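Trainee: I should be grateful for a close look at a single strand and its surroundings. Please set out how its residues are placed, and then how the strand fits into the rest of the chain.

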Amino acid sequence: MNIISAKDYQDISLKASEFVIQTIKELDKPVLGLATGSTPEGLYKCLIDRNNEKQVSFQEVTTFNLDEYVGLTANHPNSYRYYMNEKLFQHIDISIENTHIPNGSAKDLEKECVAYEELIQQHNCIDLQILGIGHNGHIGFNEPGTSFTTRTHLVELAETTRKANARFFNSWEEVPSQAITTGIGTIMDSKQILLLVSGEDKAEALNRLLDGEISEEFPASVLKEHPNVTVIADEAALSKVQ
Ligand code: F6R
(Lines give C-alpha, C1' and ligand atoms only; values in the text may rest on other atoms or scores of the structure.)
Protein backbone atom coordinates (compact mmCIF):
# COMPACT_ATOMS: atom_id res chain seq x y z
CA MET A 1 0.00 0.00 0.00
CA ASN A 2 1.17 3.45 -0.88
CA ILE A 3 0.61 5.83 2.07
CA ILE A 4 0.31 9.56 1.44
CA SER A 5 0.39 11.69 4.53
CA ALA A 6 -1.77 14.80 4.52
CA LYS A 7 -1.79 17.67 6.98
CA ASP A 8 -5.49 17.75 7.69
CA TYR A 9 -8.91 17.04 6.19
CA GLN A 10 -8.65 19.88 3.68
CA ASP A 11 -5.31 18.57 2.51
CA ILE A 12 -6.70 15.02 2.14
CA SER A 13 -9.53 16.39 0.01
CA LEU A 14 -7.19 18.35 -2.22
CA LYS A 15 -4.73 15.50 -2.68
CA ALA A 16 -7.57 13.04 -3.33
CA SER A 17 -9.09 15.35 -5.94
CA GLU A 18 -5.75 15.60 -7.77
CA PHE A 19 -5.53 11.81 -7.73
CA VAL A 20 -9.06 11.38 -9.11
CA ILE A 21 -8.61 14.05 -11.78
CA GLN A 22 -5.37 12.45 -12.96
CA THR A 23 -7.17 9.11 -13.36
CA ILE A 24 -10.04 10.73 -15.26
CA LYS A 25 -7.58 12.42 -17.61
CA GLU A 26 -5.57 9.25 -18.21
CA LEU A 27 -8.50 7.03 -19.16
CA ASP A 28 -10.80 7.02 -22.14
CA LYS A 29 -14.08 6.21 -20.40
CA PRO A 30 -13.23 6.15 -16.68
CA VAL A 31 -15.36 4.16 -14.28
CA LEU A 32 -15.24 5.56 -10.75
CA GLY A 33 -16.40 3.79 -7.61
CA LEU A 34 -17.78 6.32 -5.15
CA ALA A 35 -18.45 6.37 -1.43
CA THR A 36 -20.74 8.47 0.74
CA GLY A 37 -20.30 9.45 4.40
CA SER A 38 -18.39 12.39 5.87
CA THR A 39 -14.95 11.54 4.51
CA PRO A 40 -15.37 12.14 0.76
CA GLU A 41 -17.44 15.34 1.09
CA GLY A 42 -14.36 17.56 0.84
CA LEU A 43 -13.12 15.62 -2.18
CA TYR A 44 -16.48 16.14 -3.91
CA LYS A 45 -16.33 19.89 -3.18
CA CYS A 46 -12.86 20.07 -4.76
CA LEU A 47 -14.05 18.11 -7.81
CA ILE A 48 -16.99 20.51 -8.23
CA ASP A 49 -14.60 23.48 -8.09
CA ARG A 50 -12.22 21.96 -10.66
CA ASN A 51 -15.17 21.11 -12.93
CA ASN A 52 -16.50 24.67 -12.68
CA GLU A 53 -13.03 25.96 -13.53
CA LYS A 54 -13.11 23.63 -16.59
CA GLN A 55 -10.01 21.79 -15.41
CA VAL A 56 -11.78 18.44 -15.60
CA SER A 57 -14.87 17.12 -17.35
CA PHE A 58 -17.10 14.26 -16.22
CA GLN A 59 -18.87 13.84 -19.56
CA GLU A 60 -17.16 10.52 -20.23
CA VAL A 61 -17.23 9.33 -16.60
CA THR A 62 -19.42 6.51 -15.30
CA THR A 63 -19.86 6.05 -11.57
CA PHE A 64 -20.94 3.21 -9.31
CA ASN A 65 -21.63 3.89 -5.66
CA LEU A 66 -20.69 1.36 -3.05
CA ASP A 67 -23.96 1.12 -1.25
CA GLU A 68 -27.48 2.27 -0.48
CA TYR A 69 -29.85 1.85 2.46
CA VAL A 70 -32.79 -0.48 2.06
CA GLY A 71 -36.17 1.20 2.33
CA LEU A 72 -35.19 4.77 1.46
CA THR A 73 -36.34 6.13 -1.88
CA ALA A 74 -34.07 8.27 -4.07
CA ASN A 75 -35.69 11.49 -2.86
CA HIS A 76 -35.35 10.63 0.85
CA PRO A 77 -32.80 13.15 2.23
CA ASN A 78 -30.85 10.33 3.91
CA SER A 79 -30.65 8.07 0.88
CA TYR A 80 -27.25 7.82 -0.71
CA ARG A 81 -28.77 8.70 -4.11
CA TYR A 82 -29.96 11.99 -2.59
CA TYR A 83 -26.53 12.55 -1.00
CA MET A 84 -24.71 11.99 -4.29
CA ASN A 85 -27.06 14.22 -6.28
CA GLU A 86 -26.77 17.01 -3.69
CA LYS A 87 -23.07 16.78 -2.99
CA LEU A 88 -21.70 16.04 -6.42
CA PHE A 89 -23.76 15.02 -9.44
CA GLN A 90 -26.01 18.05 -9.82
CA HIS A 91 -23.01 20.40 -9.67
CA ILE A 92 -20.87 18.78 -12.37
CA ASP A 93 -21.21 17.99 -16.08
CA ILE A 94 -21.86 14.26 -15.59
CA SER A 95 -24.82 12.58 -17.34
CA ILE A 96 -27.06 11.39 -14.56
CA GLU A 97 -27.81 8.15 -16.48
CA ASN A 98 -24.11 7.29 -16.12
CA THR A 99 -24.36 7.41 -12.33
CA HIS A 100 -25.31 4.15 -10.65
CA ILE A 101 -26.39 3.49 -7.08
CA PRO A 102 -28.09 0.30 -5.88
CA ASN A 103 -31.85 0.72 -5.68
CA GLY A 104 -32.63 0.19 -2.00
CA SER A 105 -36.35 0.35 -2.63
CA ALA A 106 -36.40 -2.30 -5.37
CA LYS A 107 -39.23 -4.82 -4.98
CA ASP A 108 -36.86 -7.74 -5.41
CA LEU A 109 -33.70 -6.81 -3.52
CA GLU A 110 -31.82 -10.02 -4.37
CA LYS A 111 -32.46 -9.43 -8.06
CA GLU A 112 -31.28 -5.83 -7.70
CA CYS A 113 -27.99 -7.06 -6.18
CA VAL A 114 -27.37 -9.46 -9.07
CA ALA A 115 -28.24 -6.80 -11.68
CA TYR A 116 -25.96 -4.21 -10.02
CA GLU A 117 -23.04 -6.63 -9.91
CA GLU A 118 -23.60 -7.55 -13.57
CA LEU A 119 -23.65 -3.90 -14.60
CA ILE A 120 -20.27 -3.33 -12.94
CA GLN A 121 -18.85 -6.39 -14.74
CA GLN A 122 -20.28 -5.13 -18.04
CA HIS A 123 -18.31 -1.93 -17.52
CA ASN A 124 -15.16 -4.02 -17.15
CA CYS A 125 -15.05 -3.30 -13.39
CA ILE A 126 -14.13 -0.11 -11.59
CA ASP A 127 -11.01 1.81 -12.60
CA LEU A 128 -10.68 3.78 -9.37
CA GLN A 129 -12.61 2.92 -6.23
CA ILE A 130 -12.79 5.58 -3.52
CA LEU A 131 -13.25 4.20 -0.02
CA GLY A 132 -13.74 5.40 3.53
CA ILE A 133 -13.25 3.08 6.48
CA GLY A 134 -15.61 2.32 9.37
CA HIS A 135 -14.36 2.23 12.97
CA ASN A 136 -14.81 -1.54 12.86
CA GLY A 137 -12.90 -1.80 9.58
CA HIS A 138 -15.94 -2.02 7.34
CA ILE A 139 -15.60 -1.01 3.71
CA GLY A 140 -18.79 -0.28 1.85
CA PHE A 141 -21.28 -1.89 4.21
CA ASN A 142 -19.21 -5.06 4.46
CA GLU A 143 -19.17 -5.57 8.19
CA PRO A 144 -16.70 -7.72 10.17
CA GLY A 145 -17.15 -11.39 9.32
CA THR A 146 -18.05 -10.76 5.67
CA SER A 147 -16.37 -13.21 3.29
CA PHE A 148 -13.65 -11.71 1.14
CA THR A 149 -15.32 -13.32 -1.90
CA THR A 150 -18.68 -11.55 -1.61
CA ARG A 151 -20.34 -9.81 -4.55
CA THR A 152 -23.07 -7.16 -4.35
CA HIS A 153 -25.36 -8.35 -1.57
CA LEU A 154 -27.96 -7.49 1.01
CA VAL A 155 -26.63 -6.86 4.53
CA GLU A 156 -27.89 -6.42 8.06
CA LEU A 157 -26.12 -3.34 9.42
CA ALA A 158 -24.04 -3.77 12.56
CA GLU A 159 -25.32 -1.97 15.66
CA THR A 160 -22.14 0.16 15.70
CA THR A 161 -22.68 1.23 12.09
CA ARG A 162 -26.30 2.14 12.76
CA LYS A 163 -25.14 4.20 15.77
CA ALA A 164 -22.46 5.96 13.68
CA ASN A 165 -25.09 6.85 11.07
CA ALA A 166 -27.86 7.75 13.54
CA ARG A 167 -26.67 11.37 13.56
CA PHE A 168 -28.33 11.85 10.17
CA PHE A 169 -31.78 10.59 11.28
CA ASN A 170 -34.46 12.05 13.57
CA SER A 171 -34.88 8.92 15.64
CA TRP A 172 -33.19 5.55 16.20
CA GLU A 173 -36.20 3.74 14.67
CA GLU A 174 -35.68 5.60 11.40
CA VAL A 175 -32.07 4.38 11.00
CA PRO A 176 -32.29 1.61 8.39
CA SER A 177 -31.18 -1.83 9.52
CA GLN A 178 -30.41 -3.19 6.06
CA ALA A 179 -28.44 -2.03 3.04
CA ILE A 180 -27.27 -3.18 -0.35
CA THR A 181 -23.51 -3.07 -0.74
CA THR A 182 -21.02 -4.08 -3.37
CA GLY A 183 -19.06 -7.02 -2.02
CA ILE A 184 -15.46 -7.27 -0.94
CA GLY A 185 -14.82 -9.31 -4.09
CA THR A 186 -16.38 -6.52 -6.17
CA ILE A 187 -14.20 -3.90 -4.48
CA MET A 188 -11.07 -6.02 -4.91
CA ASP A 189 -11.75 -6.28 -8.67
CA SER A 190 -11.18 -2.51 -8.93
CA LYS A 191 -8.01 -1.71 -10.81
CA GLN A 192 -7.02 0.94 -8.33
CA ILE A 193 -8.25 1.83 -4.84
CA LEU A 194 -8.01 5.14 -3.00
CA LEU A 195 -8.74 4.95 0.73
CA LEU A 196 -9.28 8.21 2.59
CA VAL A 197 -8.86 8.32 6.36
CA SER A 198 -9.34 11.43 8.44
CA GLY A 199 -9.43 12.30 12.12
CA GLU A 200 -8.30 10.93 15.45
CA ASP A 201 -11.37 8.73 15.79
CA LYS A 202 -10.14 6.71 12.79
CA ALA A 203 -6.57 6.37 14.16
CA GLU A 204 -7.24 3.00 15.80
CA ALA A 205 -8.76 1.57 12.63
CA LEU A 206 -5.90 2.85 10.48
CA ASN A 207 -3.31 1.42 12.85
CA ARG A 208 -5.06 -1.95 12.78
CA LEU A 209 -5.19 -1.83 8.99
CA LEU A 210 -1.50 -1.06 8.62
CA ASP A 211 -0.13 -3.19 11.46
CA GLY A 212 -2.70 -5.93 11.98
CA GLU A 213 -3.19 -9.25 10.27
CA ILE A 214 -5.37 -9.87 7.23
CA SER A 215 -8.65 -11.18 8.57
CA GLU A 216 -12.34 -11.21 7.68
CA GLU A 217 -12.89 -9.86 11.19
CA PHE A 218 -11.41 -6.58 9.92
CA PRO A 219 -12.71 -6.21 6.34
CA ALA A 220 -10.39 -3.38 5.25
CA SER A 221 -7.39 -5.64 5.91
CA VAL A 222 -8.14 -7.34 2.58
CA LEU A 223 -6.78 -4.23 0.87
CA LYS A 224 -3.28 -5.42 1.74
CA GLU A 225 -3.80 -8.15 -0.84
CA HIS A 226 -4.62 -5.64 -3.59
CA PRO A 227 -1.73 -4.62 -5.87
CA ASN A 228 -2.71 -0.97 -6.29
CA VAL A 229 -3.97 0.74 -3.14
CA THR A 230 -3.21 4.30 -2.08
CA VAL A 231 -4.15 5.56 1.38
CA ILE A 232 -4.38 9.29 1.96
CA ALA A 233 -4.54 9.95 5.70
CA ASP A 234 -4.14 13.06 7.81
CA GLU A 235 -1.83 13.50 10.79
CA ALA A 236 -4.63 12.84 13.28
CA ALA A 237 -5.56 9.54 11.62
CA LEU A 238 -1.90 8.54 11.46
CA SER A 239 -1.28 9.44 15.11
CA LYS A 240 -1.46 5.84 16.39
CA VAL A 241 0.60 4.27 13.64
CA GLN A 242 3.88 2.96 15.10
C1 F6R B 1 -20.11 4.89 2.48
C2 F6R B 1 -19.54 3.64 2.95
C3 F6R B 1 -18.94 3.49 4.31
C4 F6R B 1 -18.14 4.70 4.78
C5 F6R B 1 -17.61 4.48 6.19
C6 F6R B 1 -16.91 5.71 6.72
O7 F6R B 1 -20.60 4.75 1.17
O8 F6R B 1 -19.59 2.70 2.22
O9 F6R B 1 -18.11 2.34 4.33
O10 F6R B 1 -17.09 4.94 3.89
O11 F6R B 1 -18.66 4.16 7.04
O12 F6R B 1 -17.85 6.72 6.88
P13 F6R B 1 -17.45 8.21 7.24
O14 F6R B 1 -16.70 8.73 6.07
O15 F6R B 1 -18.75 8.93 7.44
O16 F6R B 1 -16.60 8.14 8.46
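Mentor: Let us begin with one residue pair: in strand E3, the bridge partner of Val31 is Thr62. The chain crosses from E2 to E3 through helix H2, residues 41-52, and this β-α-β crossover is right-handed. The model is a predicted one, and what follows should be read in that light.

Strand E3 covers residues 62-65. Thr62 and Phe64 point one way from the strand, whereas Thr63 and Asn65 point the other way. In a regular strand the side chains alternate between the two faces of the sheet. All four of these residues in E3 are buried, a term that stands for under 20% relative accessible area.

On one pairing, E3 meets strand E2, residues 31-34, in the parallel sense over 4 bridges. A further pairing joins E3 to strand E5, residues 99-100, through 2 bridges, and these strands also run parallel. Within E5, the bridge partner of Phe64 is His100. Thr62 is thus tied to Val31 by a bridge, while Phe64, which points the same way from the strand as Thr62, is bridged to His100.

The wider setting is an open sheet of 7 strands in the order E1-E10-E9-E6-E2-E3-E5, with parallel pairing. Strand E1, residues 2-6, and E5 stand at the edges with a single partner strand each, so one side of each is left without a neighbour in the sheet. E3 itself is listed between E2 and E5 in that order.

Elsewhere in the sheet, strand E6, residues 128-131, is joined to strand E9, residues 192-197, by 4 bridges, and these two strands run parallel. There, Leu128 stands opposite Gln192 in E9.

As for the chain as a whole, its secondary structure comes to 7 helices and 10 strands. Its radius of gyration is 17 Å, close to the 18 Å that the globule rule gives for 242 residues, so the chain is as compact as a globular protein of that length. The C-alpha trace spans about 50 × 45 × 35 Å along its principal axes. Of the 242 residues, 55% count as buried, and the four residues of E3 are buried as well. Among contacts with a separation of 6 or more, 79% are between residues 24 or more positions apart. The accessible surface comes to about 10,900 Å², and carbon and sulfur atoms hold 47% of that surface.

Notes
Residues numbered from 1 in each chain as written. Predicted model: local features only at pLDDT ≥ 70, side-chain atom pairs only at ≥ 80, totals over all residues. Heavy atoms only, no water. Buried < 20%, exposed > 50% of the residue type's maximum accessible area, 1.4 Å probe, protein only. Pairing = 2+ DSSP bridges. Right-handed = clockwise from strand over helix to strand, strands pointing away. Rg over C-alpha atoms; globule rule 2.2 N^0.38 Å. Contact = heavy atoms within 4.5 Å. Areas by Shrake-Rupley, 256 points an atom, 1.4 Å probe, with all protein chains shown as cover.
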